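Visitor: I'm new to this one, so could you take me in close on a single part of it? I'd like to look at the charged side chains and hear who pairs with whom.

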Amino acid sequence: MWGGWLVALVERLEADSRRPLAAALYEAFGFDPATMRTPAGSLLAATPMAHLRDLAVAALEAAGLTRDAAATAIARQWQPPDPVALARPLAPLRPLFRALRRRGHRIAVATTDDREPTERTLASLGVEGLIEAVVCADDGIAVKPGARAR
């Protein structure tokens, strides 16, 4: 989900600015375009969307755009991914979560995504009623549990 989103963002920004920006953005986000992989712990994998946006502005500045030009390009081209359309579970989540709950496990979600898309995604996956707590980036968390501060 994230790799395809970043590639599309880079394409829009390069067209908008008429400059090669891919290398700077991929490096800043910790993305490997050769494998289309987002390594665990990379900024792309574990950073709130608002911080990714700031990071993108800084990467464009590092690539030679002025601060104003970078901010303007990001304002024009920034389109957060739609996790409802893009997220694909790797297991049948509803039966899994039900089985865990029957065994007495409590289920929570901690994410660096924002609350609104997180809640839409959980609803689309049919698991929102099986989760006891949801903590999101715009709730004020700094990073995912176990991730290092950025």
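Guide: Start with Arg 94, Arg 98, Arg 102 and Arg 103, which together form a positive patch on the surface of this predicted model. Take Arg 102 from that group: you'll find it in helix 7, which covers residues 93–102. Arg 102 counts as exposed because its relative accessibility is 66%, and the cut-off for that word is anything over 50%. None of the patch members has a salt bridge, since patches are built from residues without one.

Other charged side chains do pair up. Across the whole structure, a search turns up 7 salt bridges. One of them joins Glu 132 to Arg 106, with N and O 2.4 Å apart. Glu 132 sits in the loop between helix 8 and strand 2, while Arg 106 sits in the loop between helix 7 and strand 1, so this pair ties together parts that are 26 residues apart in sequence. As for how open they are, Arg 106 is exposed, at 67% relative accessibility, whereas Glu 132 is partly exposed, at 44%.

Now slide over to Arg 115, which has two partners to look at. The first I'll show you is Glu 119, whose side chain meets that of Arg 115 in a salt bridge of 3.0 Å, N to O. Both belong to helix 8, and because they are 4 residues apart there, about one helical turn separates them. The other partner is Asp 139, and here the closest N and O atoms of the salt bridge with Arg 115 are 2.5 Å apart. Asp 139 lies in the segment after strand 2 and Arg 115 in helix 8, so this link ties together parts 24 residues apart in sequence. Every member of this little trio is partly exposed: Arg 115 has a relative accessible area of 23%, Glu 119 comes in at 41%, and Asp 139 has 40%.

There's also a network of salt bridges to find, linking Asp 82, Glu 116 and Arg 120.

Step back for the wider setting. The chain carries 19 positive and 17 negative side chains, and the centres of those two sets lie 7 Å apart. It has 8 helices and 2 strands, and in sequence order they run α-α-α-α-α-α-α-β-α-β. Of the chain's 150 residues, 34% are buried. About 8,700 Å² of the chain is exposed, with carbon and sulfur atoms supplying 55% of that area.

Key:
Residues numbered from 1 in each chain as written. Predicted model: local features only at pLDDT ≥ 70, side-chain atom pairs only at ≥ 80, totals over all residues. Heavy atoms only, no water. Buried < 20%, exposed > 50% of the residue type's maximum accessible area, 1.4 Å probe, protein only. Areas by Shrake-Rupley, 256 points an atom, 1.4 Å probe, with all protein chains shown as cover. Lys, Arg positive; Asp, Glu negative; His and termini not counted. Charge placed at Lys NZ, Arg CZ, Asp CG, Glu CD. Patch = residues over 30% accessible without salt bridge, like charges linked within 9 Å, V, L, I, M, F, W, Y side chains within 5 Å. Salt bridge = Lys/Arg side-chain N within 4 Å of Asp/Glu carboxyl O.
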